[in-house]
Amino acid sequence: MGTRDLKVWRYRKRYFSFYNHHDSYPSVLGWSIVESVPKDPEEYQLWLEKQRQMVDEWDRRYEEYLSVPADIEEKKRRFHSGSDEIDHTNFADLFRDGRLVWQRPTFLDEEVAPSFLTPLNDILMEWIYTIDLEQEVFSVNNRTHYHLANLPGKDH
């Protein structure tokens, strides 16, 4: 039986959650997260900036999937008219049977959409690991909190 968790990044007041089904105990997954954060102050700042850019990219790409272009009606008309002015490959997945369709973003590994609400654990979700890139805090189950730049060692 798996030990389930969510690995969560928080940035710009949004939570991006990723589900993990196995080996989610703090001694395994929790520790691997701690070890992934550089201890050297300069390396830590570079890592932090890279993490923020990564989450910004997730957010940008997710918003792109949710956005409807301002000229959607014109694009739809041209698509259905078979006009040579338009590259049909750009719109082939946008319309089906004359209707606009939405596809789940494939860049996210999970079906969990970004949220403004803190993910909580329950009987089905045993562990939640949150990397807060705004407050620079690593949290376990929203109860135990460590500053990212000063995470404990293995003896803690």
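**Entry 1: Glu136**

I began with Glu136 in this predicted model, and asked whether Glu136 is buried or exposed. Its relative accessibility is 17%, and since buried means under 20%, Glu136 counts as buried. I then looked up where Glu136 sits, and found it in the loop between S5 and S6. The backbone there caught my attention, for phi of Glu136 is near 60 degrees, a positive value in a residue other than glycine. I noted beside this that most residues other than glycine have a negative phi.

**Entry 2: the strands around that loop**

Next I followed the two strands on either side of Glu136. Strand S5 covers residues 127-132 and pairs with S6 in the antiparallel sense, over 4 bridges. As one point of reference on this pairing, I wrote down that Asp132 has Val137 in S6 as its bridge partner. S5 and S6 form a hairpin with 4 residues between them, and Glu136 belongs to its turn.

I went on to S6 itself, which runs over residues 137-140, and asked which way its side chains point. Val137 and Ser139 point one way, whereas Phe138 and Val140 point the other way, and all of them are buried.

On the far side of this hairpin I looked at strand S7, residues 144-147, which pairs with S6 in the antiparallel sense over 4 bridges. Here the bridge partner of Phe138 is Tyr146 in S7. S6 and S7 also make a hairpin, with 3 residues between the strands, and in it Asn141 takes a positive phi near 55 degrees.

**Entry 3: another positive phi**

I looked at Arg12 as well, where phi is near 55 degrees, again a positive value in a residue other than glycine. Arg12 lies in the loop between strand S1 (5-11) and S2. I asked how much of Arg12 is accessible, and the relative accessible area is 49%, so Arg12 is partly exposed; the limit for calling a residue exposed is over 50%.

**Entry 4: the whole protein**

I stepped back to see how these pieces fit in the chain. The protein has 3 helices and 7 strands, and from the N terminus on its elements run β-β-α-α-α-β-β-β-β-β. Of the 156 residues, 38% are buried. The accessible surface comes to about 10200 Å², and 50% of it belongs to carbon and sulfur atoms. Among contacts between residues at least 6 apart in sequence, 55% join residues at least 24 apart.

**Entry 5: aromatic pairs**

I then turned to the rings, and the count came to 7 aromatic pairs. Why is the pair of Phe16 and Trp58 tilted? The ring centres are 5.8 Å apart and the planes stand at 50 degrees, so the pair is tilted; an angle under 30 degrees would count as stacked and one over 60 as edge-to-face. Phe16 is in strand S2 (residues 14-20) and Trp58 is in helix H2 (residues 41-66), and with 42 residues separating them the pair links distant parts of the chain. Both Phe16 and Trp58 are buried.

Trp58 also pairs with Phe18, again in a tilted arrangement, at 4.9 Å centre to centre and 55 degrees between the planes. This pair, too, links distant parts of the chain, with Phe18 in strand S2 and Trp58 in helix H2, 40 residues apart. Phe18 is buried, as is Trp58. I closed this search with the cluster, in which ring pairs link Trp9, Phe16, Phe18 and Trp58.

**Entry 6: the nonpolar cores**

I asked which residues touch the most other members of the largest nonpolar core. Among its 21 residues these are Trp9, Trp47, Val55, Ile131, Leu133, Phe138 and Leu148. The elements that give two or more residues to this core are S1, S2, helix H1 (26-36), H2, S5 and S6, and H2 gives the most, with 5 residues.

I followed Leu148 further, leaving aside its neighbours within four places in sequence, and found it in contact with Val37, Tyr44, Trp47, Ile131, Asp132, Glu136, Val137 and Phe138. That list brought me back to Glu136, the residue I began with. A second, separate core has 5 residues, including Leu6, Tyr15, Met125 and Ile128.

**Entry 7: the segment after S7**

Last I looked up Asn150, which is placed in the segment after S7. Its relative accessibility is 61%, so Asn150 counts as exposed. Asn150 and Val34 are 116 residues apart in sequence, yet their C-alpha atoms are 9.9 Å apart in space.

Definitions and conventions
Residues are numbered from 1 along each chain as its sequence is written. This is a predicted model: local features need pLDDT of at least 70, side-chain atom pairs count only at pLDDT 80 or more; totals for chains, interfaces and linings use all residues. Side-chain values use heavy atoms; hydrogens and water are left out. Rings of Phe, Tyr and Trp (its six-membered ring) pair if their centres lie within 6.5 Å; planes under 30 degrees apart count as stacked, over 60 as edge-to-face and the rest as tilted. Buried means under 20% relative accessible area, exposed over 50%, partly exposed in between (1.4 Å probe, protein chains only). Two strands pair if DSSP finds at least two bridges between them. Contact means heavy atoms within 4.5 Å. Accessible areas come from the Shrake-Rupley method with a 1.4 Å probe; for residues, only the protein chains shown count as cover. A nonpolar core is a set of buried Ala, Val, Leu, Ile, Met, Phe, Trp, Tyr and Cys residues joined through side-chain atoms within 4.5 Å.
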